[in-house]
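Student: Please take a close look at a single part of this structure, the pocket, and describe its lining together with the elements around it.

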Amino acid sequence: MKKTVKKMIAASTLLFTGMHIINQYIDTSNTPITPSKNDKTFLWKDMKINYTEKGAANTPALLLLHNLTPSSSKEEWHKIDDTLSQHYHIYELDLPGCGKSAKPSITYINYIYVQLISDFINNVIKEKTNICAAAYSSSFSFMTARMNPDIINKIIIINPTSISELVKPLTTKGKLKDKILGLPVAGTFIYNCIMNKSEIEDTYKCLYYYNEKNVLPSDVAVSYYNAHFDRSNGKYLFGSMLANYTNINIIHALPMLKNDIYLITNRKHTPLIQEYKKYNERIHTIYVSNCRLLPQLEIPATISEKIIQVMSDI
């Protein structure tokens with residue numbers, strides 16, 4: 001019996017040592033892909049929020065919010081931000097848990113992002129702002145406009161997350177996954193296994209892009225760097241999302257919004273758009289083709305044109 005216990009202890013020690021070595025290797029080999037010379041920092045609730053500012057100060061303010069995943073960052077806008085900055089005063093954020101912003105060991109809930117956007121507009125932008133958000137960031141964009149209507153002008157959403165997805169509740173299974181990912185060695189190892197380059201590349205080919213031939217190695221490399229920046233602490237956001245902590249019911253907020261709202265999406269998402277319009281008739285739809293979740297990367301010229309078109313009457 002004692003020999004069995006000793007063997008189990010030895011095997012466990014060897015296993016955890018191996019996990020730790022792999023975690024350390026991933027951390028030390030994760031080198032910056034994009035330059036940081038234009039990056040700025042907004043200190044918010046003891047968190048350093050990374051952002052970039054472009055364009056003339058006397059043009060309308062436009063805040064760009066990337067999709068919410070640990071591998072996402074403001075780099076999702078790098079193919080259109082120069083074009084947009086010729087017309088607008090652009091601000092691009094790395095949201096908490098993403099990119100080069102802080103990734104604290106906390107439970108990430110939707111309201112954290114609502115607070116951040118509100119405070120960033122009030123303290124950094126300091127004027128009524130237009131928002132262009134991608135995918136999951138649609139939820140806290142709508143909630144920010146509902147809770148702080150005086151600081152938000154137009155809302156442009158690229159492929160909003162479905163309302164039915166946003167109302168999914170906390171689950172015991174999801175909370176267990178969150179706790180496991182929070183473990184210092186094993187949780188980090190599991191996260192690193194999930195957020196490997198091959199899986200990220202598959203996500204681009206199957207979910208983000210319409211034509212997988214358009215996926216560039218640099219896109220994958222940047223997302224991999226984002227996912228593992230700050231010792232792979234993006235695992236805390238990932239765990240919160242698996243448990244549905246980041247979800248929120250926007251059904252009661254949508255009818256109260258007085259903003260002009262524009263949804264940019266593919267025609268195959270027509271049922272999703274109808275779901276949104278059921279709660280707010282002010283919603284306008286702009287259809288694009290040959291793209292999936294992140295058209296700002298795959299068809300940047302088209303998306304730039306659509307955003308400028310929407311913003312033209314300001």
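Tutor: The account below begins with the pocket and then turns to a helix of its lining, the nonpolar cores and a pair of strands. The model is a predicted one.

The largest pocket has a volume of about 730 Å³. Of the 25 residues lining this pocket, Leu68, Thr69, Leu207, Phe238 and Met241 are the closest to its centre. Two elements, α8 (197-208) and α10 (235-242), give two or more residues each to the lining. The most comes from α8, which gives 5 residues. Sorted by class, the lining holds 13 nonpolar, 9 polar and 3 charged residues.

Helix α10 merits separate treatment. Because 7 of its 8 residues are buried, α10 is largely enclosed by the rest of the structure. The buried residues of α10 are Lys235, Tyr236, Leu237, Phe238, Gly239, Ser240 and Met241. Phe238 and Met241 thus appear both among these buried residues and among the lining residues closest to the centre of the largest pocket. The cover over the buried residues of α10 includes α3, α6 (172-181), α7 (186-194) and α9 (217-232). After α10 comes Asn244, with a positive phi near 70°.

Leu68 leads from the pocket to the nonpolar interior. In soluble globular proteins, nonpolar side chains tend to be buried together. Here the largest nonpolar core has 50 residues, and those touching the most other members are Leu63, Leu68, Leu93, Leu95, Phe120, Phe142 and Tyr276. Helix α3 (residues 110-125) supplies the largest share of this core, 9 residues. Helix α3 is also one of the elements that cover the buried residues of α10.

Leu93 shows the surroundings of one such core residue. Apart from neighbours within four places in sequence, Leu93 is in contact with Ile49, Asn50, Tyr51, Leu63, Leu64, Leu65, His66, Lys74, Leu116 and Phe120. Of these contacts, Leu63 and Phe120 are themselves among the core residues that touch the most other members.

A second, separate core has 21 residues, including Leu62, Cys132, Tyr262 and Ile264. Cys132 in turn leads to the strands, since its position is opposite Ile156 in β6. Strand β5 (residues 129-134) pairs with β6 in the parallel sense over 5 bridges. Strand β6 (residues 152-158) is mostly covered, with 6 of its 7 residues buried.

Methods. Residues are numbered from 1 along each chain as its sequence is written. This is a predicted model: local features need pLDDT of at least 70, side-chain atom pairs count only at pLDDT 80 or more; totals for chains, interfaces and linings use all residues. Side-chain values use heavy atoms; hydrogens and water are left out. A nonpolar core is a set of buried Ala, Val, Leu, Ile, Met, Phe, Trp, Tyr and Cys residues joined through side-chain atoms within 4.5 Å. Buried means under 20% relative accessible area, exposed over 50%, partly exposed in between (1.4 Å probe, protein chains only). Helices (H or I, at least four residues) and strands (E, at least two) are DSSP runs, numbered from the N terminus. Contact means heavy atoms within 4.5 Å. On a 1 Å grid over the protein atoms alone, a cavity is a set of points where a 1.4 Å probe fits but cannot get out, and a pocket is an open set with protein on both sides within 12 Å along at least five of seven lines; lining residues have an atom within 4 Å of a point. Grid points are joined across faces, edges and corners, and a volume is the space filled by probe spheres set on the points. Ala, Val, Leu, Ile, Met, Phe, Trp, Tyr, Cys and Pro count as nonpolar, Asp, Glu, Lys and Arg as charged, and the others, Gly among them, as polar. Two strands pair if DSSP finds at least two bridges between them.
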